[in-house]
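User: Please pick a part of this model and give me a close look at it, then carry on to whatever else stands out. Keep it relaxed, but spell out your cut-offs.

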Amino acid sequence: MSRVARAVIIFSIGLTCGRLVLSGGFSNFVQVHMRIPLAAASIVMVLIGGIEILNLLRTERNLDKVWSAPAIGVVLVAPLIVLTSVAPTGLGALAASRSDSLAPSQTSADYEPLVADASGVADIRHSDFLSRALYDRKESLKGRKVRLTGIVVKDPTIPDGFMVTRFMVSCCAADGRPMKIAVRGVDKAFDNDEWVEVIGVWRPLPEADKPTDSEPQTSPVEVDAISVAPMKDPPESPYETPY
Amino acid sequence: LFKTENRYHTQMSGTITSAQVQSFEQPNPGPRRKNRRRPIPVAAVAVPMVIAALANGRIGFLQWPNVRLWSTLFVSISVQAFPFLVLGVLLSGAIAAVVPSELINRLVPERPVFSVPAAGLAGMALPGCECGSVPIAGRLIRNGMQPAAALTFLLSAPAINPVVLISTAIAFPGDRSVVVARFLASFITAITIGWWWSRRDGAPLSAQMDHDDQNDDHHNHDHHNHDHHNHDHHNRGQSSRWSVFIDAAARDFVHAGGYLVVGAAAAATMQLVVPRSVLDTVARNELLSIAIMALMALMLSICSEADAFVAAGLPQFSLTSRLVFLVVGPVLDLKLLSMQAGVFGHRFARVFAPTSFLVAIISAVVIGKVVLK
């Protein structure tokens, strides 16, 4: 690969990553706390590529004559090409329907009571809701109004609603696992991948379906919908993290 | 047509304009160097990027759900790895520019009995994941470090550095034995491989590295580098050192980065082809789950700083099989395999990869049985 081609690749990757940071689009792919490392890496790449380009423009009359980098480097254009031509967004209904819902582990032996806002609704993360629904002996969810935000994932087993879904992402979107909560009794139609805010009440599992040590959860955790509203803007971080 | 132009300017204006300038200024690539491998001109880089920007959203099959999902997985593995890769190539560039090879030889004990465990412990000092340690190990070998010690460092750095151990502790709260077991099993794997390599004929590795040097360095900066350090009164001083740094960092970035992208594509493809639900149903059998977790570590190519969270999220698998996942991941996965083959050579990878894979599994199973409850 010619040296100027190498410099152009590094410079372009730097710009593209920088754009992802500035537009917030990076959170579709990696966690929000990667913002600063990614921004720093973008600046370094723009500087290294930029300095190389300027140096070569200044000192060489025929840029492509000077070459140094190994040929494999040319595949580095692939992520840039994919980003512009496919313009992928975050994980969605297709990824969610490819695997069963993640059953979070038991986070505590003794769950704190839910804290509700002025209107009597408690904001709750998917992982916390699922963990309480599966393991809380004191049933802190029972009869409480909760607010869940996530994307709509339609499911043939739920004719009167959908799965409100959020992904648990540990590192990057490639390890994302869906957390699905069945919303029952929805009278409006929603499209897959639409961001919604669901207010509802937990519907306890029948005793026979409760998970045990040897048998993990199989039937979905459910809520009875009180209201389902589409969201104008998706949350800053589309995913939940385990820490 | 106007609309198209407008759109692509807003989409990727900076990138494309710089690329376009380069490609239009250089219609004729000019005389080429006499070599089997022809250099890839800048147009080969710039033209596909321009076409992709123009095609944005216009090509039907690119919007198929599976293509979009593959793209999301592929881009996220790449984007997640870039910051760590940049950190790694900055360090490797700094090693090339300021650390004389004599110093490395003086610091590293001569006999592998000592140098290998020393290099293994030195791995604790590099916070990062495996993408960064491949270019660093390659650079250390080029600068004259014993391959056995450098390879020990390559295996230990991504597995036992503080960031990885802390994230493991967070992922398995209330169970410190997982952290201890991970540290022990990874460290034992690294030094076992190091000693094994020191007893082998290192020919395939060094042959490939020399070959790379001859082919890739038109202006052989590595030679400037050695000259520079041999004669400290060399008058090119700081600017030469700076250009060595930039050149080494840029070179290692496109080299390791290229293989990283190939590995990311392979990992994204595997994830799409093998559904997780299949894996979940095989988890019941202990031997089978050890095999499955080792293969998953190989295929998923998750960063070592985050693999503990993934392992914690698979409670249906036994603790020992999840330890196998944690020990194998930083040693070998699809993207590492691709990077190792690229940086150290295919012949090297054919021997090194399967051996380190097996040693990692055995060490994790043994340590798991001893340390884990």
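Analyst: **Odd loop residues, then the helices**

Glu139(A) is partly exposed, with a relative accessible area of 22% (buried is under 20%, exposed over 50%, partly exposed in between, using a 1.4 Å probe and protein chains only). This is a predicted model, where local features need pLDDT of at least 70 and side-chain atom pairs count only at 80 or more, while totals for chains, interfaces and linings use all residues. Residues are numbered from 1 along each chain as written, chains are lettered from A and ligands numbered from 1 in the order written, and side-chain values use heavy atoms, without hydrogens or water.

What catches the eye at Glu139(A) is its backbone: phi is positive, about 50 degrees, although the residue is not a glycine. You'll find Glu139(A) in the loop between α5 (126-135) and β2 (145-153) of chain A (helices are DSSP runs of H or I, at least four residues, strands are E runs of at least two, numbered from the N terminus). Asp193(A) is another non-glycine with a positive phi, near 75 degrees. Asp193(A) sits in the loop between β4 (177-184) and β5 (195-203) of chain A, and is partly exposed at 40% relative accessible area.

Now hop over to chain B, which has 18 helices and 0 strands. Of its 373 residues, 57% are buried. Helix α6(B), residues 130-142, is a good example: 13 of its 13 residues are buried, so the rest of the structure largely encloses it. Its length checks out too, because 13 residues at 1.5 Å each should span 18 Å and the end C-alpha atoms are 19 Å apart (the expected span is 1.5 Å times one less than the residue count). After α6(B) comes Gly144(B), with a positive phi near 100 degrees.

Next, the rings. Over all chains there are 11 aromatic pairs (Phe, Tyr and Trp rings, the six-membered one for Trp, with centres within 6.5 Å; planes under 30 degrees apart are stacked, over 60 edge-to-face, the rest tilted). Trp196(B) and Trp197(B) have ring centres 5.5 Å apart and planes at 70 degrees, so they pair edge-to-face. Trp196(B) is partly exposed at 26% relative accessibility, whereas Trp197(B) is buried at 3%. Phe348(B) and Phe352(B) make a stacked pair, because their centres are 4.7 Å apart and their planes are at 20 degrees. Both of these phenylalanines are buried. Phe348(B) and Phe352(B) lie 4 residues apart in helix α18(B), residues 346-371, about one turn of the helix. An α-helix has 3.6 residues a turn, so residues three or four places apart point the same way. Ring pairs tie Trp196(B), Trp197(B), Phe344(B), Phe348(B) and Phe352(B) into a cluster.

Last stop: where the chains meet. The axes of α1(A), residues 3-23, and α2(B), residues 42-55, come within 7 Å and cross at roughly 35 degrees (axes are lines fitted to C-alpha atoms over the stretch in contact, with angles from 0 to 180 degrees between N-to-C directions). On the α1(A) side, Val4(A), Ala5(A), Val8(A), Ile9(A) and Ser12(A) make the contact, and α2(B) brings Val42(B), Val45(B) and Met49(B) (contact means heavy atoms within 4.5 Å). By class, that's 7 nonpolar residues, 1 polar and no charged ones (Ala, Val, Leu, Ile, Met, Phe, Trp, Tyr, Cys and Pro are nonpolar, Asp, Glu, Lys and Arg charged, the others, Gly among them, polar).
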